[in-house]
Amino acid sequence: ITGGVLPPPGATMFEKMRHMASRDDGLRRFLLNEPRVGATSSANLVVPPTRADADVGFIIMEASEYPPMSGSNTICTATALLETGMVAMTEPETRFTLEAPGGLINIVARCRAGRCEQITFTNVPCFVLHLDHALEVTGLGTISVDVAYGGMIFAFADAPALGFRLPPDEARDITAAGSRITAAAAEQIEAVHPENPEIRDVSITSIAGPVEDADGNRLKGRNACVVQPGRIDRCPTGTATSARLAILHARGRIAVGQVFENRSIIDTRFESEIVALTEVGGVPAVVPKVSGRGFVVGVYQYGYDPNDPFPEG
């Protein structure tokens, strides 16, 4: 959303997000309910930053929640800002900083002929909350999940253990299983950000395939992220990729600077790596960098008839 909406009140981007979520949710419902779009899409409200060290702020709206951070939404927002001229493009590389509700996100855009050919973002610090946590799931019995923060709180379940190979024709069954895992994890597992208790509870499940060695100093993997209210993300999910880097590092499976190529169920691809180690509230954390690409597919104006009995869809 690049015009026509005033910024919500709040001293920080997180406060602005919480205001929309708790007091003014009409814009999200207006945009993401039928007949305008639907539960398969997201919306991002571009607003002035609240911090002097950021260039642009944005608030992420998804079908069922306001996440503090989203990788694919970051890539798409950065692409839109550059290709519409809201942020000046410098070729072959443009650098600027976005302020998400979860924190500052540094952007490096590879640009040519007025287009963004790749967006690389440095995420907020990401960390593990639980490894090998037993979880009782309806229809699945007792399973083991890892829980980690990558800008949202994820449960990671092992695809082979659930009988999945992650081809597209398993999508319906993966969605059903992932939705049950998310519901069970939100009820049974305590998951709270150590510095911001308002960021809490598992809201997404990643059904994750095995991580394998690739050419050179690289790892590769595949996952299907089940997003509420019941769909699989089209991309590998930047926050899930970041959270998985934290898990892989905690398990001694990946080193700083080693590349992890993550693919979705439809073979869209993100490349990622850990660029630094840090702590969040005393919890060991990693700083991930993720690269992908977005595309501007249209410029739209939305409205509704004053006589519409369902103004918010």
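**Exercise 1. Which residue follows α3, and what is the sign of its phi?**

Before we start: this is a predicted model, where local features need pLDDT of at least 70, side-chain atom pairs count only at pLDDT 80 or more, and totals for chains, interfaces and linings use all residues. Residues are numbered from 1 along each chain as its sequence is written, and side-chain values use heavy atoms, leaving out hydrogens and water.

Solution. Go to the end of helix α3, residues 71-83. Helices here are DSSP runs of H or I with at least four residues, numbered from the N terminus. Gly-85 follows α3, and its phi is positive, near 85°.

**Exercise 2. Find how enclosed α3 is, and check its span.**

Solution. Step one: α3 has 13 residues and reaches 18 Å from first C-alpha to last, close to the 18 Å expected; the expected span is 1.5 Å times one less than the number of residues. Step two: 10 of the 13 residues are buried, so α3 is largely enclosed by the rest of the structure. Buried means under 20% relative accessible area, with a 1.4 Å probe and protein chains only. Among the buried residues are Gly-71, Asn-73, Ile-75 and Leu-82.

**Exercise 3. Place Thr-239 and list its contacts.**

Solution. First, Thr-239 lies in helix α5, residues 238-250. Next, its relative accessibility is 1%, so Thr-239 counts as buried. Finally, look for contacts, meaning heavy atoms within 4.5 Å. Leaving aside neighbours within four places in sequence, Thr-239 touches Met-69, Ser-70, Gly-71, Gly-150, Gly-151, Met-152 and Phe-154. One of these, Gly-71, is also among the buried residues of α3.

How values were computed: Helix = DSSP H or I, 4+ residues; strand = E, 2+ residues; numbered from the N terminus. Buried < 20%, exposed > 50% of the residue type's maximum accessible area, 1.4 Å probe, protein only.
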